[in-house]
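Here's a quick tour of one fold, written for someone who'd rather think in angles and distances. Have the viewer open and follow along.

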Amino acid sequence: MMTGGTPLRSLDEEELLGHIFPAFPPGADLVVAPGDDAAVLRTSDRTIATTDTVVLGRDWLDAWSSGADIGHKVVAQNLADVAAMGGVPTGVLVTLVADPELSLEWVLDHVRGLAEVCTAAGVAVLGGDLSSAPPGVVMVSVTALGRLDGEPVLRSGARPGDVLAVHGSLGLADAGLRLLQADAPDRLPEATERQRRPEPPLAAGPQAAAGGATAMLDVSDGLLRDGGRIARASRVVLDLDLSALVPDVDALADVLGAEQALDCVLAGGEEHSLLATFPAGVLPAGWRAIGTVRAVRDDEAPAILVGGRVVTHTGWDHFRAT
């Protein structure tokens, strides 16, 4: 936790908000900006809502990530969820719960990261909440809203005969985490940058929805774990084509070795690329096929396979991870 500088305990809430609000750009759909009891946002008939929370020591370490990195990351992972439903992000609410010894400088750096990713995505910051916490505790929570112009793309719509496809990279963020843990972040800078600041392909979500995607989610907990969610929700079997993943593995193998590289690609989380199923012959630009969808046989359960076989990788789990 960043201390020194100006501790938060030396400011009251109004003074702190006076530092924060000017950093955020106005949104085109923002009718009433933060400052009243609530903001007012012009929305469509159907609004997407999602939320994520990150905690110091559990989801990030200050030795690896700046305040701006955390601001970027927690917003990006929420916007990815909106895109994965086929929607367009429109606004976010941000909550900061912090030890009063946390420095104002860290908070302002955090705000800069929030503002950068929101500006790039054309998303308004609608407000949020501030609260103090026990010593050493820092927690950031973001709720994102989005506009849905068509039907939502659910996890449950994959059908036998569909193609499984991905938009974006696989395994980079997990490779970055491993390099940070090994104190070797410079061995593959693009991987450590992806771990610190994910770049979900936000425009690909609505594109996939318009292009006929039958199921979709973002790869937040690993290709196998998240693919398994589509399989179970849709009651189908997803079969990954290992040859289609060779470029992803090769991109990491020189630095991590082939075994770790494959593990990153299959089980690595925090990538926030989009994973979707499409009818055969329908694959929008930028998407690449990595597998197929088939019906569940009498002797099996819905699952995700690699080359027809069950593998033991599981991906990230918040409560089972150690």
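What follows walks through a sheet, the helices on it and some aromatic rings.

First, a caveat: this is a predicted model.

**The sheet**

Let's start with the strands. Four of them make an open sheet, ordered β3-β6-β4-β5, and the pairing is mixed. At the edges you'll find β3 (47–55) and β5 (124–132); each has a single partner strand, so one side of each has no neighbour in the sheet. Going from one strand to the next, the twist averages 15°.

If you want to zoom in on one pairing, try β4 (residues 88–98) with β5: the two run in the parallel sense and share eight bridges. One spot to click on is V94, whose bridge partner in β5 is G128.

**Helices on the sheet**

Two helices are worth a look here. Helix α2 (residues 67–84) packs on the sheet, where it touches β3, β4 and β6 (138–147), and its direction makes about 145° with that of β3. Helix α3 (residues 104–121) lies across β4, β5 and β6 and runs at about 170° to β4.

Back to α2 for a sanity check on its geometry. With 18 residues at 1.5 Å a residue, α2 should span 26 Å, and its end C-alpha atoms are indeed 26 Å apart, which agrees. Most of α2 is covered, too: 17 of its 18 residues are buried. Just after α2 comes G86, which takes a positive phi of about 90°.

**Aromatic pairs**

How many aromatic pairs does the structure hold? There are two aromatic pairs, and here they are side by side:

| Pair | Centre distance | Plane angle | Arrangement |
|---|---|---|---|
| W60 and W106 | 6.1 Å | 15° | stacked |
| F278 and W287 | 5.2 Å | 70° | edge-to-face |

Why does W60–W106 count as stacked? The planes of the two rings are at 15°, and stacked pairs are those with planes under 30 degrees apart. For F278 and W287, the planes are at 70°, so that pair is edge-to-face; the cut-off there is over 60 degrees.

The tryptophan pair also does some bridging along the chain. W60 lies in the loop between β3 and α2, while W106 is in helix α3, so the pair ties together parts that are 46 residues apart in sequence.

Are these rings' residues buried or exposed? W60 is buried at a relative accessible area of 5%, and W106 counts as buried with 3% relative accessibility. As for the other pair, F278 and W287 are both buried.

Note on methods: Residues are numbered from 1 along each chain as its sequence is written. This is a predicted model: local features need pLDDT of at least 70, side-chain atom pairs count only at pLDDT 80 or more; totals for chains, interfaces and linings use all residues. Side-chain values use heavy atoms; hydrogens and water are left out. Two strands pair if DSSP finds at least two bridges between them. Helices (H or I, at least four residues) and strands (E, at least two) are DSSP runs, numbered from the N terminus. Axes are lines fitted to C-alpha atoms, for helices over the stretch in contact, and angles run from 0 to 180 degrees between N-to-C directions. Contact means heavy atoms within 4.5 Å. Rings of Phe, Tyr and Trp (its six-membered ring) pair if their centres lie within 6.5 Å; planes under 30 degrees apart count as stacked, over 60 as edge-to-face and the rest as tilted. Buried means under 20% relative accessible area, exposed over 50%, partly exposed in between (1.4 Å probe, protein chains only). The expected span of a helix is 1.5 Å times one less than its number of residues.
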